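Here is a short walk through one protein structure. Keep the model open and follow along.

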Amino acid sequence: MAFIERFAAQLVEAGMPRMPSRVFAALLVSPDGALSSAALADQLQISPAAVSGAVRYLAQAGLILRERDPGSRRELYRLHNDQWFETFTNREHMLVRWESTLRTGVYSVGEDSDAGRRLAETAAFFEFLQRELTGMMERWRVYRTTL
């Protein structure tokens, strides 16, 4: 539990809400990376409603999957096999949208204005991140085989 709370606190500092952080950390240290709602509530001493909200957030963020426990109607919440890869890959689409919107904003406020230059630089940053992210994910796939 000490690890769960410590890692969850670090995720909260990075911007993730508290309950999803705690649930994610609990799943991370679980023996097979999957727990039921009841097990999460019991382990973390939180309500079923808190578990429900946390797993909804984590599923929408692409960090976990919902699946049925074989032979049961009970749902299990499971980490992706490569949850960080999935998360960053899903963020790439968001970067493309942000860049496009920022470039539209440049034309809206004028390229030669201070705001236009800020928007253009921010768009260039997201464009740079997109290119680097693709190469970085490829390097990760290669590196992962050495672990």
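Contact here means heavy atoms within 4.5 Å. Axes are lines fitted to C-alpha atoms, and angles run from 0 to 180 degrees between N-to-C directions. With that in hand, α2 can be placed: it lies across β1, β2 and β3. Its direction is at about 80° to β3. Keep in mind that this is a predicted model.

Now look at the strands themselves. In what order do the three strands of the open sheet stand? The order is β1-β3-β2, and the pairing is antiparallel. β1 and β2 (64-68) are at the edges with a single partner strand each, so one side of each has no neighbour in the sheet. From one strand to the next, the twist averages 30°.

Take the pairing of β1 with β3 next. Three bridges join these antiparallel strands. L35 faces Y77 of β3 across the pairing. S36 also belongs to β1, and its bridge partner in β3 is L76. Is S36 buried or exposed? With a relative accessible area of 6%, S36 is buried, because buried means under 20%. Setting aside neighbours within four places in sequence, S36 touches R74, E75, L76 and Y77.

On to the pairing of β2 with β3. These strands also run antiparallel, and five bridges join them. Here R66 stands opposite Y77. So Y77 of β3 has L35 opposite it in one pairing and R66 opposite it in the other. β2 and β3 form a hairpin with six residues between the strands. In that hairpin, G71 takes a positive phi near 75°.

Back to the helices. α4 (48-60) lies across β2 and β3. It runs at about 115° to β2. How do α2 and α4 pack against each other? Their axes are 8 Å apart, and the angle is about 80°. The two helices are therefore roughly perpendicular to each other. On the α2 side, M19, P20, V23 and F24 make the contact. On the α4 side, the residues are A50, A54, V55, Y57 and L58.

Follow the chain from α2 (18-29) towards β1 (34-36) and you meet a loop that holds S30. S30 is buried, because its relative accessible area of 10% is under 20%. Its side chain has a polar atom 3.0 Å from the backbone nitrogen of G33.

Helix α3 (residues 37-44) comes next. Which of its residues are buried? They are L40, A41 and L44. These three cover an arc of only 95° around the axis, which means they sit on the same side of α3. That buried group packs against α1 (2-13), α2, β1, α4 and β3 (75-79). Turn to the face of α3 that points away from its buried side, and you find the exposed residues A38 and D42.

Just after α3 comes Q45. It is in the loop between α3 and α4. Phi of Q45 is near 55°, a positive value in a residue other than glycine. Is Q45 buried or exposed? At 64% relative accessibility Q45 counts as exposed, because the cut-off is over 50%.

One more stop lies further along the chain. Helix α6 spans residues 114-144 and contains T122. T122 is partly exposed, because its relative accessible area of 32% falls between the cut-offs for buried and exposed. The T122 side chain reaches the backbone oxygen of R118 at 2.8 Å. How far apart are T122 and V12? In sequence they are 110 residues apart, and in space 25 Å, C-alpha to C-alpha.

To retrace the route, start from the sheet. β3 stands between β1 and β2 in the order β1-β3-β2. α2 lies across all three of these strands, while α4 lies across β2 and β3. The buried residues of α3 pack against both α2 and α4, and against β1 and β3 among other elements.

Methods: Residues numbered from 1 in each chain as written. Predicted model: local features only at pLDDT ≥ 70, side-chain atom pairs only at ≥ 80, totals over all residues. Heavy atoms only, no water. Helix = DSSP H or I, 4+ residues; strand = E, 2+ residues; numbered from the N terminus. Buried < 20%, exposed > 50% of the residue type's maximum accessible area, 1.4 Å probe, protein only. Polar contact = N/O pair within 3.5 Å; in protein donor to acceptor, adjacent residues only side chain to side chain. Arc of directions from axis to C-beta. Pairing = 2+ DSSP bridges. Parallel < 35°, antiparallel > 145°, perpendicular 65-115°, else oblique.
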